[in-house]
Structures are given as structure tokens and as C-alpha cells.
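Work through the exercises below with the model open. Try each task before reading its solution.

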Amino acid sequence: MKTLLAAVGVAVGLAVTPVAAQESGGTLVMVVQPEPPNLAPYLSTSGPIGQVASKVYEGLITVGPDFKIMPGLAKSWEVSDDGLTITFHLQEGVKWHDGEPFTSADVQYGIMDVLREIHPRGGSTLKVIESVDTPDDMTAVFHLAEPAPYLMVALNGYESPIVAKHLFEGGNPRENETANKPIGTGPFKFVEWKKGQYVRFDKNEDYWQDGKPYLDRIVVRFIADAATRTAAVESEEVQYGAFGAVPYFDVERLSQLPYIDVTTEGYGYIAPIMQVQFNTEVKPFDDPKVRQAIAYALDRQFVIDNIWFGFGKPATGPISSLFKPTGLYTDEVIDFTVDDRMEKAAALLDEAGYPVGSDGVRFTVTHDITPYGEEWSRLGEYVKQALGQLDIAVDLRYEDVATWLKRVYTDYDYQFSSNFLYGLPDPVLGVHRQFHSNQIRPGTVFVNGMKWSSPRTDELMDAATTETDPEKRAALYKEFQQLVVEASPIVFMHEMEFVTVYNDMVKNLESTGPLGVYTNFADVWMEQ
């Protein structure tokens, strides 16, 4: 199996992509599953919307390999010494797809009146921006309430797409007609959407990057049946499918075909971690020794190999190893994968006051299975089997998504459950929500559903939110990871790997970096 970045071995991107090798022309047919409900990334962070609309909308920056911040609609920027002011200098000659010029007024309006107001994550990510000044058409000055080292990476086109002021001002952005007919500054122009079939984008001949894009057209197809998607890739009707558009069980076979490549690169931005989480307020999981025992008992590599078809990497803690280049990740935590892990688990249960009873059982618990499909059901069966080896009886419960979410995040009427959350490109954005005490918010999903609270880790997260010195910030997160893993409100099982399957005639996908399919594909080209 091929991994793109490993094969290329060098950092590439807007500023360093070798131009001579590219060929212009061709139509890239990609498959997205499921079909998005709209094409409004300013309204929703839905994966399918992001995969499609990112070809039209752009942000102030983009994210290159190793999370390097690279120019987008902003060609350069300066951050004041106190971290409270960021001055963006915008690219010149940028036009919206309707021919109107792109200016700093679009940035001001898009950030303050659209993204901060209606974007699902913009309300928290961008709230630190108190105002945006526009001293001239090509300069936008952000004034922050406090230093925000997490902000820059969130200003990419997927997370913070800039919309046209002249198309939105005076109306309700939730009802803007661009939701189904997007107009952006990107390398591809929206042409048509045949619901249930495809979306077509044509090359933007007036794109602000000379010579780009290389493709003449992108057609995004929607194919509901999994077997048909696989067949379309195999027959070369479709050249690209990300986020598991081709089912895991078909990937190995397709990867053996000489014209098919497979990669798990391009998902670093979301950094999902599969986990088993506890309700830390109910017995027996109110005792960290019991939680540690479960962490020892579950075999991460077995789960990866036998349930997720080999896609994944054992996780060590709340921050993904994908953050290693940023310095924020550490593996200097308790290692639950040691050879004598079952003996350690049994000893911890004895110490916690849960010896094996006369009936041969230490205690009985109920495991709520994430209602997302077959893999999660098989995981539940594995958990039951693995804990049975420690004389723990496990009942399995499978409910629909709405009931499961309410049980875990509103009623807290559960003992332990499976789950997965995106880490996103900075811990402030994706990790704090799961561990900070202020994120115990009944009725809000995918936050601190464990009801776990630690004053010290709250302090560390608060300090890291505004700490601009990289070494000091890394030290804060190192202690945070060590304390969280020791307390084990969650068993960090594995760093999930999604799969992109593509025809080898598609080139330069490595330029997409950790954003992968969420980038605008301006650098992607096809061998003719």
C-alpha cells in the first residue's frame, strides 16, 4: 500500500510545487458519499459539504504538510508582539466567480457577520476576534481579545470559507441562494447540480494563481450503493474517492490493481481517535484504578487488525501523534500495551475492591455501542469478550443515534460507551471540548460526556489557550496528556485512518497536505 508523502519525501505546496511536470486538461470524476444536503460550508461542517464546496470557496490561509501555515487569499501577514493584532495582506487580482473584485471588506463581513454568527464552530473558534479593520482594499487587520495561537490554522478554506459581502449583505445568510449555487474565489466554478447524480465544476479561467488550476473540470458523483462505488473505481469511471467512499473490505483488493493507489494521508486535519469512554460519576468507573484496568485489558492492535481491517495506529492519549511535527504531542505517558497488561489489569481491579466473587464475576456493566454501523457492533462484542477474561460481565446495548446521543450527552444514563471524536488541527479546537470542566454541558453532543473534572488539567488547558511560546505550550500539553492518561476517563484505542482510493493518473495529491480532499485541488492534475 502506498502512502503519498512517504513516496514523495519532500514538503510541497503553493510556493514550492514544481510547475514543469504538470499537464493541463482532463476531467476528474470523484465520488462523494453521501450526497451533501447543500453546498454551504459557512452553514455546516458536514464532511460531504466540505469535500465538494472546498473547490469553490477559499480561506485566508491553507495548511501544508506538517501543518505549515501557507498563503491563501492572504499572501502574507504579521502578528504583533503581544499577539493581539494580526495584519493580513491580501492577494491582488482576485475576483469572485461573478466578476466582482475580492477585497478586505469581504474578509471583514465574512468573518464578523457570517462565520462568527452561523458557522457551527466559528462561534467558538472566531469569538476571540473582537473586530476587523479594513484600512484599504488589500489589508485586513484582526484585533483579538487575547492571544490565540490556535487561530491561524483555523482560517483555511474548509474551516473558515470567506463569502462575498455583496451577495450576502442585507439578507439572512441561512437563506442565501448560494447555498445551492456557490460563488467563491476558488479554482473551480459551480456549473450545475443534478440532485441524486452529480455536481459539475469547470475551471476558473480567471483564477488568481497563474497557470492554475490544471484540471478542466471536476465532476462529483453521488452513488448510494457501496458495491457500485467500488465497481465505478475499478472500471475507471471514477478516479478518486475519499473518506471511505470505497468500503474498507474492498480496499485491499483494489489496491492490488496496477492502476489503483491507496493512501491514508490527507486526514491529519481532523485527527480522529477511536475511544472507549466512561461515565466517571457511576460505579465502578468512578474509580481510576478500574478505568486503568480496562485500558490495560483492551488490545488496541487486535481491534485495528480484526475490526478496522488494519487501518489505524494505536493511540497513546488525547492528542494524536499526527501533531508530532507541532511539538504538542508526547508519548511519555502510561503504556497500556505492555506484555503483562492482563495481569496488571487484574491486580488493579483487586486493589480497587472488586475481587472475583463466588459466582466467578467481579461486577456486571453495560456497554453502549456507538450506533454507526458494523465495526462498532463488532467492537462491542470484542469488549465483552476481552473484559470477560477479567471476570467482568458485560451487557451490550445498541440504540439509534438520537437515543444514544441523549443517553450519553444529556441524561448521562450510561456506564461506558464507544465513540470517536475529531482532534482538529489544534487541541483548543478539538481536544479541550472533551476534557475541560466547562464542557460538561448537558444536551450538547461530543463534549465532556464523561463528566470528568480536574482543576489541574483545566488550568493547563486555559494556559495553553493563550500561550504563544511554542516550547512553553508544548510543556503544558505534555503534562496535560500525562494527567489525562493516568486518570483514564477515556481508553484511547486507536488513531483512525480513513482511506482515499484513486486512479494513478491523478497526480500531485501530496500538495493537499493534512486537509486532503478538503483543499481546492488547484494543484491536482491528470496524466493525459
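**Exercise 1. Locate Tyr412 and describe its backbone and burial.**

Step 1. Tyr412 sits in the loop between helix H12 (401-409) and strand E17 (416-422). Helices (H or I, at least four residues) and strands (E, at least two) are DSSP runs, numbered from the N terminus.

Step 2. Read the backbone. The phi of Tyr412 is positive, near 50°, and the residue is not a glycine.

Step 3. Classify the burial. Tyr412 has a relative accessible area of 12%, so it is buried. Buried means under 20% relative accessible area, exposed over 50%, and partly exposed in between (1.4 Å probe, protein chains only).

A note on the source: this is a predicted model, in which local features need pLDDT of at least 70 and side-chain atom pairs count only at pLDDT 80 or more, while totals for chains, interfaces and linings use all residues. Residues are numbered from 1 along each chain as its sequence is written, and side-chain values use heavy atoms, with hydrogens and water left out.

**Exercise 2. Compare the expected span of helix H16 with the distance between its end C-alpha atoms.**

Step 1. Helix H16 covers residues 470-487, which makes 18 residues.

Step 2. The expected span is 1.5 Å times one less than the number of residues. For H16 that gives 26 Å.

Step 3. The end C-alpha atoms of H16 are 26 Å apart, which agrees with the expected span.

**Exercise 3. Which residues of H16 are buried, and what covers them?**

Step 1. List the buried residues. They are Arg473, Ala474, Leu476, Tyr477, Phe480, Gln481, Val484, Val485 and Ala487.

Step 2. Place them around the axis. They cover an arc of only 155°, so they lie on the same side of H16. The arc is that of the directions from the helix axis to the C-beta atoms.

Step 3. Turn to the other side of H16. Glu471 and Lys472 are exposed there.

Step 4. Add an intermediate case. Ala475 also lies in H16. Its relative accessibility is 47%, so Ala475 counts as partly exposed.

Step 5. Find the cover. It includes helix H8 (288-297), helix H13 (427-430), helix H14 (432-435), helix H15 (455-466) and strand E18 (490-495).

**Exercise 4. Describe both ends of H16.**

Step 1. At the start, a side-chain oxygen of Asp469 comes to within 2.9 Å of the backbone nitrogen of Glu471.

Step 2. Ser488 follows H16. Ser488 is found in the loop between H16 and E18.

Step 3. Ser488 has a positive phi of about 50°, although it is not a glycine. At 1% relative accessibility, Ser488 counts as buried.

**Exercise 5. What surrounds the side chain of Arg300?**

Step 1. Arg300 is in helix H9 (residues 300-306).

Step 2. Look for opposite charge. Arg300 is buried yet has no salt bridge (a side-chain nitrogen of Lys or Arg within 4 Å of a carboxyl oxygen of Asp or Glu). The nearest side chain of opposite charge, Asp299, is 7.0 Å away.

Step 3. Check backbone oxygens. That of Ala295 lies 3.0 Å from a polar atom of the Arg300 side chain. That of Phe492 also lies 3.0 Å from a polar atom of this side chain.

Step 4. Leave aside neighbours within four places in sequence. Arg300 is then in contact (heavy atoms within 4.5 Å) with residues including Pro314, Phe336, Val491 and Met493.

Technical notes:
A polar contact is a pair of N or O atoms within 3.5 Å; within protein, one must be able to donate a hydrogen and the other to accept it, and residues adjacent in sequence count only if both atoms are side-chain atoms. Lys and Arg count as positive and Asp and Glu as negative; His and the chain ends are not counted.
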